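Got the viewer open and a selection box ready? Let's take a walk through this one, stop by stop.

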Amino acid sequence: MNKVKTEFPDFDDLESFEKILNALHDYGFEDVSYRNEAMPCLEAVSEFMYLSPVTLVVWVDFKDPQKSDAMDERIDGTIKQFAFEERDVDGETDNERYFDTVEGLIEHVKDVIKLGEQESSD
């Protein structure tokens with residue numbers, strides 16, 4: 001069972017969360033959802049990227065903006081339901097991006113991984 005189901009029992013978009021997890025599982029992404037966070041998330045550590053390990057994080061917010069911790073920003077469009085970020089070894093966030101669609105998010109994550117693989121082989 002995914003952690004999202006136990007950590008966020010009222011989460012209203014399991015379909016999108018599971019679609020993202022299924023698409024990115026082979027890239028090392030795992031459900032690391034924890035109830036003290038604002039929303040469920042997936043993480044993967046990419047050893048091949050850059051000079052040191054980078055943690056790739058995918059956030060999946062509630063489908064209903066009224067349930068979001070960032071309700072005002074979701075309603076006014078400042079942030080979207082799906083987000084991606086990279087964290088360095090110190091936990092500092094870099095390259096945060098927001099997406100309207102699951103497909104856009106998945107495509108971006110795969111592109112970031114591909115770019116990291118190319119950079120590490122140069």
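Which residues does Cys41 touch, not counting residues up to four places away in sequence? Select Cys41 and expand the selection: Phe17, Glu30, Asp31, Val32, Ser33, Val57, Val58 and Trp59 should light up, where contact means heavy atoms within 4.5 Å.

Some ground rules before moving on. This is a predicted model, so local features need pLDDT of at least 70 and side-chain atom pairs count only at pLDDT 80 or more, while totals for chains, interfaces and linings use all residues. Residues are numbered from 1 along each chain as its sequence is written, and side-chain values use heavy atoms, with hydrogens and water left out.

**Stop 1: around Cys41**

Stay on Cys41, which sits in strand β2. Cys41 is buried, with a relative accessible area of 3%; buried means under 20% relative accessible area, exposed over 50%, and partly exposed in between (1.4 Å probe, protein chains only). Now draw a distance from its C-alpha to that of Val57: the two residues are 16 apart along the chain, and the C-alpha atoms are separated by 6.8 Å.

**Stop 2: zoom out**

Switch to cartoon. You'll find four helices and five strands, in the order α-α-β-β-β-α-β-β-α from the N terminus. Helices (H or I, at least four residues) and strands (E, at least two) are DSSP runs, numbered from the N terminus. The protein has 122 residues, of which 40% count as buried. If you plot a contact map, look away from the diagonal: among contacts with a separation of 6 or more, 46% come from residues 24 or more positions apart. Turn on the surface, too: about 7,100 Å² is exposed, with carbon and sulfur atoms supplying 44% of it (areas by the Shrake-Rupley method with a 1.4 Å probe; for residues, only the protein chains shown count as cover).

**Stop 3: across the sheet**

Select the strands. They form an open sheet of five in the order β1-β2-β3-β4-β5, with antiparallel pairing. β1 and β5 stand at the edges with a single partner strand each, so one side of each is left without a neighbour in the sheet. Two strands pair if DSSP finds at least two bridges between them.

Step through the pairs:

- β1 (residues 30-31) and β2 (residues 41-46) pair over two bridges. Glu30 stands opposite Glu43, and Asp31 has Leu42 as its bridge partner.
- β2 and β3 (residues 54-60) are joined by six bridges. Pick Ala44 and you'll see Leu56 as its partner.
- β3 and β4 also run antiparallel, over six bridges. Thr55 is matched with Arg87.
- β4 and β5 pair over five bridges. Here Arg87 stands opposite Thr93, and Glu86 partners Asp94.

While you're at that last pair, click Gly91. The hairpin of β4 and β5 has five residues between the strands, and Gly91 takes a positive phi near 85° there.

**Stop 4: inside β4**

Why is β4 largely enclosed by the rest of the structure? Colour the strand by accessibility: six of its six residues are buried, so the structure encloses most of it. In a regular strand the side chains alternate between the two faces of the sheet. Show sticks for β4 and check each face: Phe82, Phe84 and Glu86 lie on one side, Ala83, Glu85 and Arg87 on the other, and all are buried.

**Stop 5: His108**

Next, select His108 in helix α4 (residues 102-121). Is His108 buried or exposed? His108 is buried, with a relative accessible area of 15%. Leaving aside residues up to four places away in sequence, His108 touches Phe84, Arg97 and Phe99.

**Stop 6: the largest pocket**

Finish with the largest pocket, which has a volume of about 170 Å³. It is lined by 14 residues, and closest to its centre are Met39, Trp59, Ile79, Ala83 and Tyr98. β4 (82-87) and β5 (93-99) are the elements that give two or more residues to the lining.

For your own grid run: on a 1 Å grid over the protein atoms alone, a pocket is an open set of points with protein on both sides within 12 Å along at least five of seven lines, using a 1.4 Å probe, and lining residues have an atom within 4 Å of a point. Points are joined across faces, edges and corners, and the volume is the space filled by probe spheres set on them.
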